[in-house]
Structure formats: structure tokens, C-alpha cells
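I opened my notebook to work through this complex chain by chain. I wanted to know how its parts are built and where they meet.

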Amino acid sequence: MNSFFLILLILFAGAGLSFVLGKISSIISGTVAFLSIAAASALFFTQIEMGSFIEFSLGGIQLQWGLNSYGYLFGIIVLGLGTLASLYSISYMQNKERTSGFYFNFVLVIAGMTGIIFANDFISFFIFWEIMTWASYLIIIYSGKNVKKIGIKYMIFSAIGAYSMLTAIVMIKGQYDTFLISDAINAGAFNFIDNIYIPILLLIGFGVKAATMPLHVWAPGAYNNAPTSFTVIFSGAMSKMGVLGMGLVLGHMFTADRSGSLTNFFSGFSVIYLQQTIGWLGGITAVIATLYALIQDDAKKLLAYSSIAQLGYITVGLATGTKLGVMAALFLAVVHGIFKGALFMVVGAVERQAGTTDMTKISGLIRKMPFTFLTALISIIALAGIPPLGGFVGKWMLYEALITESNSYFLVIVIFFSSTAAFLYSYRFLFGLFLGQEEKETEQVKEAPITMIIPMLVLAILLVITGAFPGLIFSPIATAMEFIGFKDVTWNMSVLNNVWGNEMNLTYLGITIGVVFVSIFAFITLKGLKGTRYVGTKDISTSGEIPYENENLTFQINFFQPFVRAAAPMYKRSMNKIWNELGNGLEALFNFTRKIYTGNGQTYALFVVIFLVLMLLFKDTLFV
Amino acid sequence: MVISPVHYIAVPLLAAFTIPLLSKYIHKELARIVPGIVLLYSVFVSIVLMMQVSEVGVISEKIAGWSAPWGINLMFTPFSGFLASLMSVVGFLIWLYSYNFKKIEQSQSQKYHILQMMMVTGAIGIVLTGDIFNLFVFMEITAITAYSLTSFYRERDGAEAGFKYLLIGSFASVMILLAVMILYTQLGTLNMAEIAQNAHLIPTPLRATILVLFLVGFGIEAEMFPLNGWAPDAYSQSPGPIGAAFAGIVVKAGVYALIRVIFTLFDIHGAYDFLIYGGLITMIIAETAAVAQTNLKRMLAYSSIGQMGFVLIAFGIGTKTAIIGALFLMFNHAVIKSLLFMSGSYLTYNSLNKKISALAGLGKKLPIVSLLFGLGAFAIVGLPPFSGFWSKLYVLTAAADQNMLLLIMAILAVSIIEIIYYFRVVSTLYYGKQEDEEIKVQKPSINAMVSMLILGATIIVVGVYPDIITHFLNNAADMLLDKASYIQAVLTQNIN
Amino acid sequence: MEDLGIKIIGALLTVILAFTVGMTYGGIVRKLTARVQNRRGPVIWQNFLDLLKLQSKKTNIAHGFMGHMAPVWIIISAGTVLMFIPILNGNLWFPNLTFHGDLIFLLYMMVFGSLGMALGAGQTGNPNSAIGVTRGLSQMVGFEIPFVLALVALMVQYKTTSIQDIMDIQAQTGTWMMFANPFAFLAALFASLGMFRYSPFDIVGAPAELASGPVSEFGGKYLGTMMSGGSIFAFIKLTLYVDLFMGGAGFGTGILATIMGLGILLLKTFSLYMVPVFYGWISPRYRTEQAIRYFWGWPTALGVIAVIWAIF
Amino acid sequence: MQNFEQYNSIITTGVYGSAIALILIGLYAVLIKKHLIKIVIGLSIIDAGVHLLFVAIGYIKGGTAPIFSPGNEDAVNKMVDPVPQALVLTAIVIGFAVTAVALSLVIRLYKHHNTARIDQIKSLKW
Amino acid sequence: MKKVLVLVLLVIVGYFLTDTFNLIPFGENRIGNPQDEQTVAGYYLNNTVEKTSVANTVTAIVVNYRGFDTLGEVTVLFLATTGLGSILFRRKEDEEEIERINKPSSSLMQTGSRVLFPLIALLGIYVFIHGHLTPGGGFQGGAIIATGFLLMLISYKNFKAGHTMLNWVESLAGITFVSIGLWGLLTGGTFLENVLPAGELNNLISGGVIPIIYIAVGFKVAAELTGVLDILLNIKPKK
């Protein structure tokens, strides 16, 4: 049996099996889900040859499944993160209700994403895309909270995206008579000059999943509402499917040979306009999401907004259209998958152990959950883009690309602003959950079980490794970029180099920092060990004064109040409001149209006669 | 005895006339069982004939020994045969579902089952007949059963819905009758093949008038806006399975008639545009009206109307792919809407009122029914891998081939609206806040469950492997477009 | 390998220089401020004395993991950043690591230390520490904008993201950046006011009324290490400004050239350092949001003009 | 001949005209009258008009009934068109059936709503 | 307002109807020469006598050429009765309250009806038995019989059309019709084929199955119409 079929069969069977077994026990169901995903991953990484494909026909349509280097890159994210997240789920979901439905949809989402990666034609691409979408919808509403508000919104936006994509797909079929992605590309479907609608419609479709600006409003709620072990996948891997699509379209668009079609002056510009538009949309997404992230009191929501912001960077990177920019974007995509996955796992662990993710209710968990904190710390450093971890490499390449290879100077400022403001919420996250005063309510909290710790630590270690050896990821990215049209992508194992050939050895840097760190830490710790006593968080001197028993020492509410006050104008307008008003207006309109059905049979009869008369009046023009 | 298309009609009629006697003098239960056997026989006939027709091409059946155009003939082509098979299968499933539907009182079940069986028979007759007046007669058979069944329940406002339906339906029959009349004066024949052959001889103004009368007349049956005032009421007030029958059988027959008139009888370009625009308006109005519905069945009704609008659009595009898509849509609509009505009627039956908000929490009490309803909802909005997706894909592909970008966008915009209201119901079902703790839940009977499960399985199987059905659709579309061979098949039968 | 030896010696020299200069400048400012406020003030080397005292103290209280980490982070990030700053351009004894894009690297690396301290302060459980941190971070978002605008203006103007390149360009053209793009310099200068956290932007530390800023829970070696780091950072910032806008310093590798270079570097850095100090003497304190608004006002406008200037 | 033309046109006007008038009267009743029974009557009148038209189109000037009786086997050339008559027969019966159902519905409606005015029976709308 | 709109609409509809029928001259011979068999009607006129031995061409068309229509039509009637039954269905417990709403009529009326009823019935039977020879047929005859029943129903308050009888007649007549149709099918021909010998023109027993079918139709129509009238007259009085 073909490995493509086998992998998907394993996943779908796993979904079904975990659904059935879920009626017996949540743990069994979760284990089945984990095993099926792990088996699929094992097959994926061992059995499939790059470049192999199979063809078959379904419903009279030629379909092709295969694995290319570009898909492989995302396959790493999806199946890697999927395996870890499903392992993590077992404990996370242990005591919840209706787990069978959860695991069923969980595995389905993974299967859908795997299918998207395999799809070499638009139809199977779309089918798996939709499977992924509705399965994720079911998980989002799984908790039963905010079903109407968030679930329906998610589905509406997903549908907008999916249907723009479908429009583009059938247009490609209409114009080039093919459903195969490679054929469409060769025929020039993504060449913006010849075809304005197809790329734009596709970009809208992918932009929704990548939570780009006007279409991002579903994301915070959806990320927050889903069970955390799924949000790992949702934010870490599923959003990357949007990136996958956008990269495919934009890559081919920017690398397309336009020499033949540069017939008039404006045609060249239109690409630049599109590029700038997308870039700015990404930039504004990043800023707005960051601003909203830092006012959140809920750790999970904070991360949700942060995800959107990070996706904004990725969008910007893709929109540069240069080798470095796209590479930065893809690198960020991978790294974001890792650190955001780890962070959501952290939140999930806290949620499971402490019962809530509301940062105003819990704090000071650092001593109770040390491993979780370690993961959080490393991931946050990566998220903030601080050297020497992986996040920095991506950010660095992004800035390099923006400053030296494109003309979007103000976009740099926007990105910079957002990434500076990101420090605020990064700190808020760590402080809110792990630092600060220890609360009475969290006294009994214990470290998360081992099945949750292992995936987290694996991801944390990966982040350190990618920081020192980004080449490990550059390697698949470089081959992937050749698939989307870039030629001669060069890379080094652990050296950042730019267009002038100057370079910085990250391994060297990382090891240096590491050695210095360890030695100084050891120095301080060892020297201080003797006679130093560890004190609780109540034992503070505040310059010699001892706080009263009941004095409020917790500082969690209105955390960044000064900043919010200063940036008040930026919080006034919100895309959410605009969409809501649009929705309300449409609903009123719909309510009006249905008044046509008055309920009076005679009126209906009158409609018939009026229609008849109209038809009779125009019969000679209509039916010649 | 050789299986022939006339069995579709003759056997149910014989049964219908016999049932009153059987149930009175032999056994009461026979009144319910015999229609089932008859419908099952129809399914059997369908299978046999569909197998034959793929070899022969067209099965033509003379009635009373007179060949066309002197007598009436039944034409079992891949196209009409497909629809007839679909109707017989759906008809049988509806019977299975309603075999001991709790709301139907024992003494009434005889009438109910006769009417339901005759509804299917009438619709099959419409599809099979080759004679325009005979089509009218069968349409009346279907209509009368539909009026009666719409107002079947006394507790509901069925009579009101039935009367509206009857009022508008009478208009339809008057117009069709007028059209047939004028047609007869011009060509002196009632055989559709002969009409199709000679339609170009009719003077243009008369031809246009005939066409207008046909379009409006059959448009009423096909639920075209603004002729569909009866439809939401009729769907929502009739018993649950009859709502399914409306969607799966009655309206299909109306659309068939419309398509037959436009494609075969008068091949006029304007009529195709009429279908597209009419379908589009129907779809938009109906789907938008569905959004704000609070009553589940009424919502399903509007959705059904919208789907029929979509079917009309697909036929209006008129290319082969579009027709395959349209037929696929009809198939999907029949299967999925039936499932939705069937499961929906259990859901509403178990809620305090028929309001959507009252369905909250039924997902737990009626897990399988709710699951099936959810499956239907997912399928009808066209989510892969369910069957609804493929039909949408075919139609959109066809539209894209014709460069109808705006049409595509309109269709998809409407699909988004569909998603909104269907998903609202599904999420209420599973996650809504329950108002009453203890409502005694009426579990579906085993036969109803079997019927719904068959439909659900069909949705998934066809969705995953559409080749099961595309072969038939392909032949049917070829047949519909190949007017000449239809005419030839009818008019040469007097040779053999 | 010979090179490496010289480099290691040079690195050590750099650290010593930065530490000494930073501490001394701090002492000078303390003295000057005292004089302006009509006080006697401490001696100029008071900071060294303080450090000595702190390092010799026994640490008695530890707040945990992050408490240990905070000083380490500061010193690491200070040291790492220092390695990338050209102290004396082209001088063998004060070498620096360089690569294209190190400017961006430095910007992020500088934050590393602050974040470490913030986390350390956070773990102490003292709410005032956290308040100070939020103020500091907020203010950072404020002044980063004009600062980054200025840097982007430079980067855009010469299409480079390397400090070394910018210095080389200044050396070649003979024009200091503060004249080549005066708006960028002004914007950066305004930003530096916030960066050094002297009045009116000293609400972060809030020395007068909070009584316990972010660092109040640290004592002994922790505080000492942090102080050293802070001094090095002060030197780093000054040198960075000088390198970027004022042509840097350095004439060659010879002894004389080294001493001259050092002298010029000290001159330039000291004069630059006096700007925020002077400004602080004459200004009352801003609240955080006022400070942010301040930075988002004229300085940002100047920065935008600088970028536009750079583009055309 | 002139005379005959005139006669013909009178007949045309008479037969067609009265049939069309019936249709229009029925339509008027259906669309304007509020009482359900009157609406049903209107439907019947429309039916009657259409049936009349149907029979009328089969008429041939000077034709005889299409019935062969001993001695007039040659009359086949003079016979009127039998098909419309056959069709009308069917149509009438169908019309009757529909009317019967309509009346029964009216009875139900009247019982249910206590009124027979169509504009007051609007519990199903929107 | 609505009235004006409706009137305008009616004028337009009327205009188009007249316009249309102006193009269809009244009394014109559109069937051509029957011997040419150009049209269906011509074929019928030319062949009926020869092929079916039925004098009344209309009957031949109704029962044989277009017998399928007739079957459908009978079905419509049957369904109307069934539908009526279901629409006006009464529960068992309400059965006692059923009362004919008409007042008892005068004795003149009652006596007249009693005298006329057999005659009317006789006439009806005559009409459908001779349906293939003379004008009239099953429908007409059935309708006449039903008129007789109507007369009785409105004259006698307590007159009951026997439901059992009606059911039997209805069903048997229908079964006869369909069975004859199936007989044709079973004997290797087509549905409703005239399987009996045609006989001689103008004989009572001629035209093969046509008279049999028409008699069945007559009984059926009579029964159905009576049933409809009976149901409609038996309305539960309002309390």
C-alpha cells in the first residue's frame, strides 16, 4: 500500500478509533490518538521519498498526492508538534468531559494538515483544508463557552477564506483547465500581471488562517476558546497552513518571470503595490495584536494575541519577496511553531494544575512548577527575539531583509515598535504566572505530570538548538524555497550572513554566552550558597519595613496602565467593531427581505400574477 | 413478466385501490406494510432498469399499445431514470422512517401511507412520462397528495399552509393547462418529442407565451422566487417525513418539468438566463430569510428553497459539467435534506416548541439523531469530505468555465450565510443552555433510525468516493443535452 | 592563534576600560549633581568604594532562581554587547566582533539584560519592583521609537546594518553622522534622555518617593554585580552614540594613537553624557505616560523626518 | 362571405371573450376577495374559463361531434377535433378534485381560526 | 390601491390572452385532412373505427389512446377522497356529535327526490354503459349518479351513503381498471392494451375492454363524488 494512503489511513482510523474508545476512557482514547499520530509521523519521516507522488482520479477529477520539499518543511512542524501535543493531551484532557469528540477532531485536524501537505492539486488541498477547518471548529466550541460568538465567527471567517480560495481554484480550472498546482504555476496562474484575481483570492483564503489584518478578528477568541492542548496545534501548526499557502502564492508571484509581460508602465508597479499592501497589513496586524496582547489579564488570551502578532511578522517576511525575507518568514514560522507550542503547553500545564489562566488570580508559581517555568522562560526569550535563541535569528533576518533588500523603511519601524512592545507582554506573561507574590489559592499546586513536561522540555531544548544551529532549519527551508521559485538559496549551518558576505557564528556566540552564563551563575550561587537562606515572597524588606500581614502585595491588575494611557488612541478603533457593525447591518437587511413572505396567501397569489405579467410584458425580448 | 417502467405507476395504483379493502377485511397493519412493499418494489425496478438503461441507452414503454405520438409513452432515459430511482429510494426511506412515526394516529396511518406512496408515484410519473398532458395529470396527482399531506396534522397550522399551497398550485395548473392548450393548437400533438422536433415552427410570439406560461407554472412547483410563497409554510407544517418528501421528491419533479421544457421542448437561450437569474434571486432571498428563522423546520424550508435556486442556476449554466453538478445537487439535496428533515423532526418533537433555542442540550439526549443532523448540516453547506462538496465544486467549475465570476461569488456568499444558520443550530444542539431539565425524550424507533443511518452513510460514502454516482450523472447529463437522440428514441419506437 | 591571544587580551582590556569609565562617569555625575543641588557630594570614586563594600558583604537572603539569574544576565549581556562595540576604530588592542546586522543584534542584546533584571525583580514578590519594571518597559517602548527611527535612517541612508560600516563611511567622507543626518542625531539624542533615565525620565527608579525601586530587594553581591553591569552599559550606550553619530575614535594601533584615541573617545562620550545629565538638572519629573507621549511627539517626528531625509 | 366573417368574429369574440372574461373574473375574485369560499369560487371560475377555452380551440367551423354512427362513417372529414374534448374531461375532474380539497381546507381553517377571511389567517409568516 | 393594481394586472393579462388567442382563429381546421394523419387528431379520427370499433372517438381517446391519463384522473379523484378524509378526519370519540348541518327539507322535496333518484341513477348507468357509442361516458354517468345522491343527501337529513358500499365500489372499480391494464401487460402486450376482440362497430358489446373500463370508471366516479359530498356535508357542528 502506498505510504501516502497509509499515513492518512492511520490518521483517519486513529480518529475513528479514538472516538469509539473515548466512550470507555479518556486516557485510552488519548493514547490511541497519540499512537496514531506518532505512527503517522514515523512513516512520514522514514517512508516517504521526497518528490515521489501518486496520481488517481476521484469524481472525474485527476488528483495528485506527493511530497515536495516545501511541504516537507511544514510536515516537520505539523507532525512534530502534533506528536508532542497529542502526548501532552493525554494528561491535559484526563479529567474532562466528552474527550472522544475532542480526540476525534484532534486527529482529524492533524490528518487534514497532513493531507494539505500531501496535496499536489487544488481539489484535495481544498478538501483537506476544509476537513481541518471544521474539525478545528468543533474543537473550538468543544468547551461550550462562547459558542455563538466565537465559534460562528470562526466559521464565518474560515468560510470567507475557504470560499475565496475555492473561487480562485475554479477560476484556475476555467482559465488553465487544470487542478494540479504545479501545472497552474507553470501556466502562470500566480503571475500577478496576467491574473489579478486568482492570487488575491488565494491570498485572502490563506490570509484568514494566517490571521492577517482585516481577517484576523476570529483568532484571539478561537485560540483562547479551544482546549489548550489543541491551541498548541492551532497556533503552532494550523496557522502555518495559511503561511504555507501565502508562501506558495507570493513566492511564485515574486519570482515569476515578468520580463515578457512587462508591457506597460503600471504593470510592474501593481506587484509592488500588492507587496506593500500585504507587508503593511502584516505590520499593522503585528502592532495591533501586540497592543492588545499586553492589556490581557488572561495568559492564554495574551498568547493568542501574541500569536497573531508573530504571524504578522511572518506575513511581512513573505511580502518582502526576497530570498532573505522569505527565508526569515519560513524560519520564523518554524520557530514560532516551536516556541508558541511550548508556551501554550505551559499555559495548559498551569491551567491544569492551578485551575485557571487568569493572571490576576495566580502568580508565583515558579517554585511549584520549575520545569514549566524553565520552558516558559526559554520560549519567551525566543519569542521576544533575544539572542542567542532561535527567535532572534528570524527577527534578524527579517530586519536585514527589510532594511537592505526592500523599500519598506517605515514598515521596519512598525515591526520594531511591535517587537519592542512585545517585551511588555513577554514580561507580563512570565511575571503574571510565575513571579510575584505567591497566593494562598495556589499553595497546593504541584508540577505538571511527566507526559506534559516531556513535550515542553523537548520544545525548549529545540529552541536552544535552533538558536545555536539555525542551519538545521535553514537546510529544509532552502530546499523548500527552491520549490516556490527561488534559485540558489544558500545557507550555513550556524552562521548568519547577509548579502555582503559578512557573518556571525551563532554557535560560537551561543557557546560563549552559555559558558559565561554557567560560570558566573555558578560563581554567584556557590558563593552565596553558604549561609544564604531562601525566603518566601512575603519576606520582603521594602527598604527595611516589614509588610503587614494583610497588606496587598499583589500587583497584577492594570499592569501596563501607564502605557495603555499613553497609547489610548490606538485602542479606540477596533476591527472587531467594524465587522460587528457590518454583521448587524446585514442581519437587519436579511430580516427585511424575509418580510416578503407576508403570510397572506393572497399576496403570494398576487406575486405570481405580477411575475406572470412581467414575464409576459418582456417575453418578446427574453425568449426570442 | 419483464420489468418495465410502467411498473412504477401500475403497481402502486393497484395497491392504492386495494389497500382500503385489505386493511378492512384482512389485517389493519397491511395498510402500512403494503405501501412499503410497493415502494421497495419500485426501488427494485429502479435497480433493474438502471442496469438495463446503461446498456440500452433508452428504455421506451408504450401505453395501451399505441406508439408515440398517438399514445402515451414512458421514457426511462439515464436522465429521467436517475431521478426516478432517486425518488423511489427516497420514497422508500421516507416510508421506512414514518412506518411507526408516533405522531401519526393509527386510524389515519392508512390514508397517510396511501397518500405518501401516491406522492412518490405521481412524481415518478412526471419524470417518466413522454406526454405533456400526462405530465400535467401526474403533477396534479402529486399536488393533491401534497395538499392533503401538508395539512395532515390537525394540531398545526397545516390547513393554512395547505390552502396557500393549493391556491398557488391552482395557478400553476391553470397556467400549465393554458400552455398545453396553446401548444396543442399550434402543433396538434402532445408528445414531448414531437413538440421538441417541431417547436421552431410555432410563431415566435406564441412560442414565447407558451414558454412564459410553462416557466411560471412549473416555476411554482420548482419553488422559484417570487412564486414560492407556499413553500416555507408547506415544508414547516407538514409532518417531518413529508418535508423530506417535498425536498426529495415533489420539488425535484417540478424542477424536472422545468428543465424538460427548457432543455428539450424549447431550446431558447433566454430561458437559460431566466434559470440563472431566477435561481440566483431565489437562492439569495431564501437563504437570507433563513438566517433569522427561529423555527427549525421553517429554517430548513428556506434552506431547501435556496438549494433549489442553486439547482436552477446550475441547470441555467447549461454545460455538461454544470448539468452533472445540478444533478449531483439534486441528489444531494434529496438525500441530505431528507436526513435533515427526518432528524430535525425528532429534534423538534422532543423540544417544547419548534423553536431552535428549545433544542438546547438535545445533543446529549438524542446523540445519534443530533449527530446525523450535524452530519446533514455539514454536508448541505458543502463541507468536504461529504457529498455536498462535490456538487458545489462541479457547478462552480462549470460557472468558472463560462467566466461567471460574479455568479460564483454570489453562490459562495450565500453559502457563507448557510454556514451561519446551520452552524448556529448545530452549536445550539450540543452546547446550548438547557432550559428544562426533564423532558421525556422520545427515542427514534429502530426503523426511523435505519432510514436515517442509510441516508447518513450515503452522504459519507458518496462524499469520500463520488465515482459511485458520477457515472450515472455523466450518462444523464449526456442524455439531457442530446435532444436529438431523445426525439429519435421516442419517434422510432413504432418501428419496433 | 596569536591573533586569538591578542583578541582575548583586548577583550579583557575593553571590559576593564568600560567598567572603569562607566563607574567614574557615574561618580562624576553624582558629584556634579550634588554641586548643582548645593551639596558637597561624594568623592568621584565613590562608586568604586560602594562596589567594594557590596562585593565584600555576605549575601544573606536569596529570592530564588530568577534572583540569581538577574545579575548574571545583566553582566552577560553587558559583556556580550561590549564585544560588538568598536571602542577605538581599527585598534588592535581594543578589537571588536563585527558582522553586518550587528546593530540589530545589539538592540536586542541590550534588552536581554534589562529583561533579566526585570524577572529577578519580579521574583522578589515586592510589588514596587514590578511597578518599576512596568514603568521601565513602558518607557522603553516610548524612547525606542525615535531611537529606532534614527538608526533606521542611518541604516537606510547607507544601506547597511553594521556599526563598522557606518564608522568607516564617516571616516571616509569625513562628515560626522550628526551632520550628515542631523535629524537622526536629534531624534537619537532625545531618545538618549530616556535611555539614561535621568530626570525627567527617572520615574522608573523613582528614587525619591518609592523608596524601593526594582533593585531594592537585591543586596550585597547581587547589587554589586548589577551595578558593574549598569556601569558597563552606560559606557556601551555612550560609545555606541559616539560611534554612530560622532565619527567614533581611534587613529591606529600605536601606543600614542591608542592614548589619543582613548582621549578623544572620553571627550566625546563625556560631552554626550552631559546632555541628559544637564537636561535632568533643569527638568521636573514626567509621569510614565507623559514620558511616553513626550517621546512619541517631537522626537518621533524628527525621526520620521530623518528617515525621509535618508531616503531622498 | 363578408357576412360570414362578421359572424365568425362575433362567435370568436363570444366564445373566446366569454372564456377570457371568466378567467379574469375568477382572477379578480382570487386576488381581491377576502373570503376563503369566494376565493375557491374564483378558482373554479378560472378553471371553467380555461376549460371553455380548451373546448373552443377544438371546434372546427361546421363540424360535427366526433362520433361515428351508422350512416355517417364518411363524416370523418367534418368532425371537430376530439382531443381537446378528451383532455377537458380529464381537466374538469381534476378541477373538481382540487375544489373538493380546497373546500375541505376551508372548513378546517374556519374551525381553527374562527374566521374565513384570508387576511386574518396569517399565523405562518416570514 | 391593491384593487387598482389588480385591475391593471388583469387588464394586462386579458390583453395578452386575447392577443394570444387572436393568433388561434376560432373554428379553424387545424387537424388537417384526417386521411393524411398529419396530426394526432387526424390519426384518431381516421383509425378509431377501424382499430377499436368504438363509435365515440372521444371515448376511444379517453379510455384507450390516452387511457393512462384517465387512470391518473381516476387516481386524482381517489386521492381527493382520501385526502378529504384525512383533512376532515375526526377522532373516534367525536363521532357521536356528527350531525348533518342542513335542515330537514320539505316533504315535497323529499318525495320528489325519492321518485327521481332511481331515474337519475338509471340515466347515469345508461350514460356510462353506452359511453363508447353515444355522447357521454364514465365520468358523465358517474357525475349524474352522484347528483342523485346529492339530491338524497340534501333532502334527507338521515340519509347515509353506505361507507362500506362506497369503499367496495371505489376499490373494485379501481382494481378493475388497473387489472385490465396489467392484463395487457401480462399477456405480453403493453399496459392498458386492448386485449379483447374489437367487435363490431356500434354494438353494445364492442370496443374490447373500452366499455368495461368505462363502466368501472363510471362506478368509481359515482362512488368518489358521493363520498366527497358525504364527507363535505358531514361537518362537525361548531359548539
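**Entry 1: confidence.** I began with chain E. Its mean pLDDT is 81, and 92% of its residues reach 70 or more. I keep in mind that this is a predicted model. Where in chain E is confidence lowest, and where is it highest? I found the lowest mean, 81, in helix α2 (residues 40–52) of chain E. The highest is 88, in helix α5 (residues 107–129) of chain E. For the complex, the predictor gives an ipTM of 0.87 and a pTM of 0.90.

**Entry 2: chain E, overall form.** I counted elements next. Chain E has eight helices and zero strands. Along the sequence I read the pattern α-α-α-α-α-α-α-α. Then I looked up the radius of gyration. Chain E has 22 Å, but a compact globule of 239 residues would have a value near 18 Å. The C-alpha atoms of chain E fill a box of roughly 65 × 55 × 35 Å along the principal axes.

**Entry 3: chain B.** I turned to chain B. I noted 20 helices and two strands in its secondary structure. How compact is chain B for its length? Its radius of gyration is 21 Å, and the globule rule gives 23 Å for 496 residues. Those values are close, so chain B is as compact as a globular protein of that length. Its C-alpha atoms take up a box of roughly 70 × 65 × 40 Å, again along the principal axes.

**Entry 4: chain C.** Chain C comes to twelve helices and one strand. Where does the strand fall in the sequence pattern? I read α-α-β-α-α-α-α-α-α-α-α-α-α, with the strand after two helices. The radius of gyration of chain C is 19 Å. This agrees with the value near 20 Å for a compact globule of 312 residues. The box for its C-alpha atoms is roughly 55 × 50 × 40 Å along the principal axes.

**Entry 5: a helix pair in chain C.** I picked helix α3 (residues 65–84) of chain C and helix α9 (residues 220–245) of chain C. Their axes come within 8 Å and cross at roughly 25°. An angle under 35 degrees counts as roughly parallel, and α3(C) and α9(C) are therefore roughly parallel to each other. The crossing of α3(C) past α9(C) is left-handed. Which residues meet here? From α3(C) I listed P71(C), I74(C), I75(C), A78(C), V81(C) and L82(C). Among their partners in α9(C) are Y222(C), M226(C), G229(C), I232(C) and F233(C). By class, the residues of this contact are eleven nonpolar, three polar and no charged.

**Entry 6: a helix pair in chain A.** I then looked at helix α1 (residues 3–21) of chain A and helix α4 (residues 99–118) of chain A. They pack at an angle of about 165°, with their axes 7 Å apart. Are α1(A) and α4(A) roughly parallel or roughly antiparallel? Angles over 145 degrees count as roughly antiparallel, and α1(A) and α4(A) are therefore roughly antiparallel to each other. I noted a left-handed crossing for α1(A) past α4(A). The residues of α1(A) in this contact include F4(A), L8(A), L11(A), A15(A) and F19(A). On the α4(A) side I found, among them, Y103(A), F104(A), V107(A), A111(A) and F118(A). The contact holds 14 nonpolar, five polar and no charged residues.

**Entry 7: chains A and C.** Which chains share the most contacts? Seven pairs of chains touch, and the most contacts are between chains A and C. I counted 63 residues from chain A and 65 residues from chain C in this contact. On the chain A side, the elements that give two or more residues include α15 (390–405), α16 (409–434) and α19 (506–529) of chain A. α16(A) gives the most, with 13 residues. The chain A side divides into 39 nonpolar, 17 polar and seven charged residues.

**Entry 8: chain D, and pairs apart.** Nine residues of chain D are in contact with eleven residues of chain A. That side of chain D has six nonpolar, no polar and three charged residues. I also checked two pairs that do not touch. The nearest C-alpha atoms of chain B and chain C are 40 Å apart. For chain C and chain D, the nearest C-alpha atoms are 55 Å apart.

Methods
Residues numbered from 1 in each chain as written. Chains lettered and ligands numbered in written order. Predicted model: local features only at pLDDT ≥ 70, side-chain atom pairs only at ≥ 80, totals over all residues. Nonpolar A, V, L, I, M, F, W, Y, C, P; charged D, E, K, R; others polar. Axes fitted to C-alpha atoms, helices over the stretch in contact; angles between N-to-C directions. Helix = DSSP H or I, 4+ residues; strand = E, 2+ residues; numbered from the N terminus. Parallel < 35°, antiparallel > 145°, perpendicular 65-115°, else oblique. Left-handed = near helix turned anticlockwise from the far one by under 90°. pLDDT = per-residue confidence, 0-100. Rg over C-alpha atoms; globule rule 2.2 N^0.38 Å.
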